[in-house]
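Hi,

Here is the structure I promised to pass on to you. Have a look at it first, and then read on for what turned up.

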Amino acid sequence: MEIEEFVEKYYVERQHTNSLKWDLLEERFGQADLLPLWVADMDFKVSQAITKILKDRILHGVYGYTFAGKSYYQAYNNWMETYFSFPIKEEWVRFSTGVVQAIYHLLYTFTDENDSVIIQTPVYYPFSDAVKDTNRRLVNVDLVNNDGYFTIDFERFEQAIIDQSVKLYIHCSPHNPVGRVWTEEEQANLFAICQKHNVLIISDEIHQDFTFEREHIPAANVSEGVHRPRVITVNSASKSFNIAGLTHCNIVITDDELRQKYDDFANSMIKTEANIMGLFATEAAYVDGMDWIDSLKNVIFNNYEIVRDYFTKFAPEITVSPLEGTYLVFVDLRKVVKSDEMVEFIQEKCGLAVDYGEWFGEGYEGFIRLNLATKPENIEKAVQTIVEQLG
Ligand SMILES: Cc1ncc(COP(=O)(O)O)c(C=O)c1O
């Protein structure tokens with residue numbers, strides 16, 4: 001589908017719909033009249049297949065306890081096998097109400113208090129919150145910033161693991177906010193280090209379906225799957241299909257012993273059943289959602305090009321990280337706005353709500369993350385205003 005056609009068909013005005021992104025601006029930013037390009041959900045309606053399945057359930061009129069049927073596992077397995085060459089056995093799968101919640105539970109299961117957990121910053125901030133909130137020790141290693149293109153510092157990663165006796169690594173793949181889709185080689189090097197030092201891997205692959213530059217390689221498949229037993233994959237349809245409010249995600253644990261350990265934890269701590277709408281919407285997404293994603297990817301990449309090209313032309317001192325994956329773009333404003341004036345510039349002068357760089361790790365003041373999952377008009381307005389306000 002063409003970009004204009006997709007936007008016409010799926011874009012929705014979300015004010016006054018209990019949207020966190022649009023309706024909590026006053027609470028989160030102290031100002032209600034901002035154009036929200038922050039939290040990662042989309043301003044687009046879900047695919048018709050998802051609408052249909054949910055509508056059918058609504059009309060059925062009973063929302064009692066439920067379970068994932070064979071067709072759920074089949075759809076999930078097909079999706080993972082077809083697009084990521086990672087067939088999923090039903091017995092490997094557990095559910096959670098969200099990837100963030102799953103990470104908390106996995107930290108409780110597989111680490112003890114004061115154990116060290118490593119992350120690569122800048123990274124999705126609930127990773128560091130989860131480590132701190134569970135009383136684990138946070139070990140940050142910065143990615144290397146090569147003029148906006150972020151890469152891994154393997155030496156520092158390994159040294160930090162040795163120095164801090166790290167037990168677990170939280171991998172973000174594709175990586176929010178820097179937009180990288182990790183190569184096979186990068187992941188092979190990372191995981192070889194983890195293996196050498198017996199570090200368990202939680203791989204957050206929630207952005208797996210949004211890649212532009214190269215294909216996403218699941219951590220479980222790296223180096224012909226040699227690390228699979230020590231990789232716990234967490235993914236969901238929530239980001240890709242805009243169903244985060246339905247609170248459902250998959251946890252894939254292929255190793256029997258680790259899975260037993262997780263089940264023991266879950267039996268003592270987690271007593272929620274799956275969300276009926278989340279299950280059904282996820283199944284519908286995985287049955288035949290790729291056409292919808294492909295059309296949406298055109299919209300997202302076009303929005304990225306608007307940001308990149310506008311700044312290249314009118315404010316070349318701004319660095320835009322290349323968008324290999326996700327629908328979030330990391331922008332470096334350090335050469336044009338002083339860090340301590342950033343909030344005033346972005347909110348008061350430009351009227352925007354964004355994620356600020358320092359939320360993703362210490363030292364990233366001066367960066368912002370823009371959410372591209374909206375109509376091009378909003379993105380044009382944002383970049384034009386930024387350039388105008390720079391004067
Ligand atoms: C890397 C990453 N993980 C997890 C999440 C949130 O997942 P959930 O809503 O399932 O907790 C996000 C949301 O932006 C994300 O970017």
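How many residue pairs are in polar contact across the interface of domain 1 and domain 2? The rule finds 20 such pairs, with both residues at pLDDT 80 or more. A polar contact here is a pair of N or O atoms within 3.5 Å; within protein, one must be able to donate a hydrogen and the other to accept it, and residues adjacent in sequence count only if both atoms are side-chain atoms.

Some background before the rest. This is a predicted model, in which local features need pLDDT of at least 70 and side-chain atom pairs count only at pLDDT 80 or more, while totals for chains, interfaces and linings use all residues. Residues are numbered from 1 along each chain as its sequence is written, and side-chain values use heavy atoms, with hydrogens and water left out.

**The two domains**

The domain assignment (automatic or from a database) gives domain 1 as 3-47 + 290-386 and domain 2 as 63-288. Taken over C-alpha atoms, their centres are 25 Å apart. Domain 1 brings 33 residues to the contact and domain 2 brings 35, where contact means heavy atoms within 4.5 Å.

About 3000 Å² is buried between the domains, 61% of it from carbon and sulfur atoms; this is the accessible area (1.4 Å probe) that the two parts lose on being put together, summed over both. On the domain 1 side, Met290, Glu324 and Thr326 lose the most area to domain 2, together 27% of what that side buries.

The interface also holds 2 salt bridges, each defined as a side-chain nitrogen of Lys or Arg within 4 Å of a carboxyl oxygen of Asp or Glu. Elsewhere in the list of salt bridges, Arg94 and Asp263 pair through their side chains at 2.8 Å, N to O. Arg180 and Glu324 form another, at 2.7 Å, N to O. By this rule the count comes to 18 salt bridges.

**The ligand**

Which residues surround the ligand? They are Ala40, Gly98, Val99, Val100, Tyr124, Cys172, Asn176, Asp204, Ile206, His207 and Lys239, each with a heavy atom within 4 Å of it. Val99 places a backbone N or O atom 2.7 Å from a ligand oxygen, and Val100 does so at 3.0 Å. On the side-chain front, an N or O atom of Asp204 lies 2.5 Å from a nitrogen atom of the ligand.

Happy reading!
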